[in-house]
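Colleague: I would like a close look at a single part of this model, taken slowly and with its surroundings. Please give me one connected answer rather than a list.

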Amino acid sequence: MILFFSGTGNSRLVAEMLSKHLGDKTVDISELLRSDDEPLPESERVIWVFPVHSWGMPQILVRYLSSAVFPQWFGETGHFMVATCGDDAGCTHDVWRKAMRRHGWTHYGAYTVIMPNTYVALPGFDVDSQSLEQSKLADMPERVRHIARAISVRAKVDDVVKGAVPGLKTHVVYPLFMAALTSPSHFKVDEKRCIGCGRCERRCPLSNVKLSAEHVPTWGKNCTMCLACYHVCPSHAINYGPFTSGKGQYLAPDKLQG
């Protein structure tokens with residue numbers, strides 16, 4: 001089984017490609033959170049696919065791992081991590097393995113897949129150029145095939161791009177980021193540009209965006225800072241404070257060959 005969370009579609013794309021190679025069923029964690037009575041299908045392995053947020057796991061995955069009730073067979077199978085990131089993942093794999101150990105689950109390989117950048121909510125961060133975006137997407141299928149082969153033989157490796165000073169990024173920057181820079185209160189709408197299409201509401205994986213009576217989006221507190229609402233807006237009417245003004249947008253394609 002492939003348990004995945006995805007905001008802008010990168011991790012969904014990787015999960016679907018892994019499913020194609022391995023035959024494992026994909027299960028969207030955001031859908032599980034909306035219908036927690038749905039039982040998880042028993043599987044010979046669990047592959048956790050998710051985006052890296054500030055060199056760590058997304059808040060929604062942290063909450064899910066700490067609060068969900070998991071079936072007994074989770075402790076009798078093997079677990080794998082496949083994380084998508086724009087450049088590097090720091091020590092995200094260590095955070096994930098710690099969560100696996102806390103539950104007493106057997107953990108095998110941890111992998112990263114480089115995908116187009118989506119984080120734009122701080123100075124110095126923007127989407128990739130079109131050429132770099134296309135290059136990353138072109139490299140992704142072969143990388144996923146390699147990971148699928150390693151998972152099929154239950155390789156116990158850390159095949160991850162850590163980047164420079166990974167410990168500092170994950171163990172210092174990540175907790176500071178989660179504490180101070182993930183509030184949905186900073187989302188703003190340019191009502192002159194907003195066309196009231198509702199794409200932001202429909203795209204939000206946590207159903208955290210609602211249209212007001214005037215068809216203007218508003219945000220609740222259940223936000224994981226995936227920025228899907230920002231990227232999906234066709235009129236570029238959504239910003240996160242002053243930081244996203246003039247920056248690009250990105251949504252993963254529906255499918256890739258490979």
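How many residues does the largest nonpolar core have, and which residues have the most contacts inside it?

Modeller: This is a predicted model, and what follows should be read in that light. The largest nonpolar core has 79 residues, and those with the most contacts inside it are Leu3, Leu18, Trp48, Phe74 and Val82. Helix H5, residues 130–152, gives the most to this core, with seven residues. Phe74 offers a view of the contacts at one of these positions: leaving aside its neighbours within four places in sequence, Phe74 is in contact with Met1, Leu3, Leu40, Val46, Trp48, His79 and Trp105.

To place the core, it helps to turn to the sheet. Six strands form an open sheet in the order S2-S1-S3-S4-S5-S6, with parallel pairing. Its edges are strand S2 (26–28) and strand S6 (158–159), each of which pairs on one side only. Helix H4, residues 92–103, packs on this sheet and touches strand S3 (45–51), S4, S5 and S6, while its direction makes about 155 degrees with that of S5. Within the sheet, strand S4 (residues 78–85) and strand S5 (residues 106–114) pair in the parallel sense over seven bridges. Two of the positions can be named: Gly78 stands opposite Thr106 in S5, and the bridge partner of Thr84 in S5 is Val113. S5 is mostly covered, since seven of its nine residues are buried.

The helix that gives the most to the core, H5, deserves a careful description. Its 23 residues should span 33 Å at 1.5 Å a residue, and the end C-alpha atoms are 34 Å apart, so the length agrees with expectation. H5 nevertheless bends by about 35 degrees at Met140, and a proline, Pro141, follows within four residues. Both Met140 and Pro141 are among the buried residues of H5, together with Glu133, Lys136, Leu137, Val144, Ile147, Ala148, Ala150 and Ile151. These buried residues pack against helix H1 (10–22), S3, S4 and S5.

The two ends of H5 can be followed into the loops on either side. In the loop between S5 and H5 is Ser129, which counts as partly exposed because its relative accessibility is 42%. Ser129 and Pro116 are 13 residues apart in sequence, and their C-alpha atoms are 9.1 Å apart in space. At the other end, H5 is followed by Arg154, which has its place in the loop between H5 and S6. Phi of Arg154 is near 55 degrees, a positive value in a residue other than glycine. With a relative accessible area of 32%, Arg154 is partly exposed. Trp55, in the loop between S3 and H3, also has a positive phi, of about 65 degrees, although it is not a glycine.

H1, against which the buried residues of H5 pack, can be described in a similar way. H1 has 13 residues and reaches 18 Å from its first C-alpha to its last, close to the 18 Å expected at 1.5 Å a residue. Its buried residues are Asn10, Ser11, Arg12, Leu13, Val14, Ala15, Met17, Leu18 and Leu22, and Leu18 is also one of the residues with the most contacts inside the core. The buried residues of H1 pack against strand S1 (2–4), S2, S3, S4, S5 and H5. Just after H1, Gly23 takes a positive phi of about 80 degrees.

Helix H6, residues 166–180, completes the picture, with 15 residues and a reach of 20 Å from its first C-alpha to its last, close to the 21 Å expected at 1.5 Å a residue. A kink of about 35 degrees lies at Val173 in H6, shortly before the proline Pro175. The buried residues of H6 are Lys169, Thr170, Tyr174, Phe177 and Met178, and what covers them includes helix H3 (59–67) and H4. H4, in turn, is the helix described above as packing on the sheet.

Conventions
Residues are numbered from 1 along each chain as its sequence is written. This is a predicted model: local features need pLDDT of at least 70, side-chain atom pairs count only at pLDDT 80 or more; totals for chains, interfaces and linings use all residues. Side-chain values use heavy atoms; hydrogens and water are left out. Two strands pair if DSSP finds at least two bridges between them. Contact means heavy atoms within 4.5 Å. Axes are lines fitted to C-alpha atoms, for helices over the stretch in contact, and angles run from 0 to 180 degrees between N-to-C directions. A nonpolar core is a set of buried Ala, Val, Leu, Ile, Met, Phe, Trp, Tyr and Cys residues joined through side-chain atoms within 4.5 Å. Buried means under 20% relative accessible area, exposed over 50%, partly exposed in between (1.4 Å probe, protein chains only). The expected span of a helix is 1.5 Å times one less than its number of residues. The bend at a residue is the angle between axes fitted to the seven residues ending there and the seven starting there.
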